[in-house]
Amino acid sequence: MASAVRSARLYGLLLLADVRSRMQYRANYILLMITILPTQLLTLAFVWMLVQRFGRINGWGFWELAFLNGLIRVPQGIGYVFRSVMFVENYILAGTLDKFLLRPRDVLCQTIAERCNFASFFGEAVPGLAILAASAHQLRLAFGALDVLYLAAALAGGTMIYLGLMVAQGAACFFTLRGSALRTFMLTTQEYTSYPLTIYHPLLQLLLTFVLPFAFINFYPAHHFFRPGPAPFAPWLAYLTPALGAAVMYGAWRLWRAGLARYQGAGS
Amino acid sequence: MALIEFSGVTKVFYVPAPQPGRLGALKALLRPRCIPRVAVDNVTFSIEEGELLGYIGPNGAGKSTTVKLLSGVLVPTRGEVRVAGMVPWKRRAHNSRRIGVVFGQRTQLWWDLPVRDSFELLRHIYDLTPQQYRRNLGELCEVLDLGPLLDTPVRLLSLGQRMRADLAAALLHGPSVLYLDEPTIGLDVVGRQRIREFVAWLNRERRATVILTTHDLRDVERLCRRVLVIDRGRIVYDGTIGRLRELYGPTRTLVVDLEEDVGDVELPGARLVRSEDRRRWFEFDRASQSASRLVASVLQRWPVRDVAIEEPDIESVVRAIYERGAQGEGA
């Protein structure tokens with residue numbers, strides 16, 4: 001237990017060291033935080049224009065869609081703090097990974113703690129929460145204790161799914177040596193979460209549910225609140241988000257271990 | 001049993017190969033073809049506790065790979081590595097507490113932070129008690145003269161200063177085994193000399209076992225009794241530095257810059273091997289000829305602007321080893 005506390009303290013210090021390094025270039029850091037926000041608002045403005053022009057989208061009005069957006073912003077904003085874990089090939093090329101392997105500490109934890117980007121927490125996760133609150137207010141959602149609990153669990157599960165996918169993508173760099181193709185695939189697939197799953201071709205629904213399960217982060221939980229029509233596949237999928245989050249994280253961890261073993265030459 | 005045992009170790013890397021043809025890129029994606037590259041080829045050696053071993057070879061000979069195999073970063077393809085009875089990669093964390101590693105071309109320091117902050121972070125990484133930390137840091141600061149640098153951001157240090165800070169960072173947890181991979185690379189004469197003195201101190205005072213990798217022969221001549229020469233992944237020499245010198249370097253080269261072109265010249269005791277404009281290269285035997293006497297006789301004969309004596313570099317040593325077909329002692 002004491003050693004767990006010491007470890008947590010260490011990784012906190014490592015993250016802080018990175019923040020302090022970045023503070024050497026303070027103007028750049030603040031600019032970064034400021035520039036994230038308008039891109040968020042732009043997505044929402046676009047959604048608003050669509051609704052103005054075409055009316056409700058498959059039964060989803062503007063505030064429902066805003067809620068859908070808020071639900072992905074929060075996990076994404078938190079996940080993006082550790083976004084460098086997706087760029088493992090850079091660590092391999094720069095010898096940073098060897099540096100981690102030379103130390104008596106877990107390599108994944110060191111990788112995650114090497115660089116952090118708190119700008120996306122303040123520029124994305126916090127506004128995401130605000131959007132969630134605003135749309136819940138506008139929609140006059142009667143939040144009982146169970147609903148709050150469900151929302152918290154969905155956000156936690158969604159964050160775990162997001163982090164897990166990022167780590168898995170990073171681990172894939174060990175096998176592909178260059179991560180850009182997979183990264184682009186993941187980031188473009190993620191774009192589809194801005195609209196309800198039901199508007200897409202069934203194949204895309206399949207992809208977003210069972211392959212890269214982004215739909216569990218925002219679509220199914222949002223659908224659970226509004227039920228603007230039948231859910232694709234099954235409505236009870238909305239309850240799976242937290243469990244799936246744990247499963248994705250575990251799977252990502254296994255993949256990371258296999259990838260690292262391959263890098264060291266113990267695997268394959 | 002020796003402290004470090006390296007027995008029949010081979011390390012093969014699989015490098016993805018570009019494929020020819022118009023659809024080459026696609027083929028490489030779907031079914032990558034990998035070319036095996038043997039970085040370390042059936043290498044065997046052992047090192048006793050307290051030894052200071054020189055490990056030399058040209059660039060790309062397999063020196064860094066050996067260091068990574070010793071420190072548990074890489075797993076051998078074949079063969080076995082043991083350090084103090086342990087297989088490094090199987091007990092990576094445990095092994096890492098007793099070794100200190102410096103890769104001269106890289107730094108483990110936090111680039112934008114003061115030197116002191118890197119040491120503080122390493123204190124937590126290695127779980128040092130405040131007493132251990134203060135004692136080790138105090139000693140290292142004194143020997144490496146780091147005191148004035150502690151509050152300087154790493155990116156503002158000169159290469160020599162950074163190397164000293166990196167050495168301290170690798171030694172902060174008090175390791176008894178050191179792998180120094182090219183610690184003198186890129187340094188000027190003064191910087192190199194400081195590092196050499198420090199390595200000698202570590203071995204003598206702290207009784208550390210040191211493997212010193214370099215492609216500068218002078219490092220090894222000053223510091224090590226025993227030397228391993230590696231080329232293309234194979235050990236081509238394992239023995240004393242004295243015998244290596246006998247083998248490779250019976251000759252040195254005297255380079256003379258003349259004030260005026262005096263045409264063909266002769267110098268007793270040396271052989272003219274090259275002549276270019278006003279510069280002449282004379283090869284002479286290390287054992288039988290004294291460099292100072294040759295220089296004196298050159299100065300007597302011709303108006304001279306400058307003279308220099310060149311030692312054979314590592315490439316020519318390796319070439320000489322091959323030409324003689326010599327395999328050194330026990331290699």
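**Notes on a pocket, an interface and a helix pair**

1. A good place to start is the second largest pocket, whose volume comes to about 940 Å³. Its lining is made up of 42 residues, and those closest to the pocket centre are A:Tyr91, A:Thr96, A:Lys99, A:Glu114 and A:Arg115. Please keep in mind that this is a predicted model.

2. Both chains contribute to that lining. Chain A gives two or more residues from each of helix 1 (2-22), helix 4 (88-94) and helix 5 (96-101), while chain B does so from strand 5 (99-103) and helix 6 (159-171). Strand 5 of chain B supplies the largest share, five residues. By residue type, the lining of the second largest pocket divides into 20 nonpolar, 11 polar and 11 charged.

3. Now for the interface between the chains. Here 26 residues of chain A are in contact with 29 residues of chain B. The two chains bury about 2,500 Å² between them, with 56% of that on carbon and sulfur atoms. On the chain B side, the residues losing the most area to chain A are B:Val73, B:Arg92 and B:Ile125, which together account for 24% of what that side buries.

4. Within chain A, have a look at helix 6 (residues 107-114) and helix 12 (residues 241-264): their axes come within 11 Å and cross at roughly 100 degrees. Angles of 65 to 115 degrees count as roughly perpendicular, so that is how helix 6 and helix 12 of chain A lie to each other.

5. As for the side chains of this crossing, A:Val107, A:Leu108 and A:Thr111 from helix 6 of chain A meet A:Trp253, A:Trp256 and A:Leu260 from helix 12 of chain A. The residues of this contact comprise five nonpolar, one polar and no charged.

Terms used: Residues are numbered from 1 along each chain as its sequence is written. Chains are lettered from A and ligands numbered from 1 in the order in which they are written. This is a predicted model: local features need pLDDT of at least 70, side-chain atom pairs count only at pLDDT 80 or more; totals for chains, interfaces and linings use all residues. Side-chain values use heavy atoms; hydrogens and water are left out. Axes are lines fitted to C-alpha atoms, for helices over the stretch in contact, and angles run from 0 to 180 degrees between N-to-C directions. Helices (H or I, at least four residues) and strands (E, at least two) are DSSP runs, numbered from the N terminus. Angles under 35 degrees count as roughly parallel, over 145 as roughly antiparallel, 65 to 115 as roughly perpendicular and the rest as oblique. Contact means heavy atoms within 4.5 Å. Ala, Val, Leu, Ile, Met, Phe, Trp, Tyr, Cys and Pro count as nonpolar, Asp, Glu, Lys and Arg as charged, and the others, Gly among them, as polar. On a 1 Å grid over the protein atoms alone, a cavity is a set of points where a 1.4 Å probe fits but cannot get out, and a pocket is an open set with protein on both sides within 12 Å along at least five of seven lines; lining residues have an atom within 4 Å of a point. Grid points are joined across faces, edges and corners, and a volume is the space filled by probe spheres set on the points. Buried area is the accessible area (1.4 Å probe) that two parts lose on being put together, summed over both.
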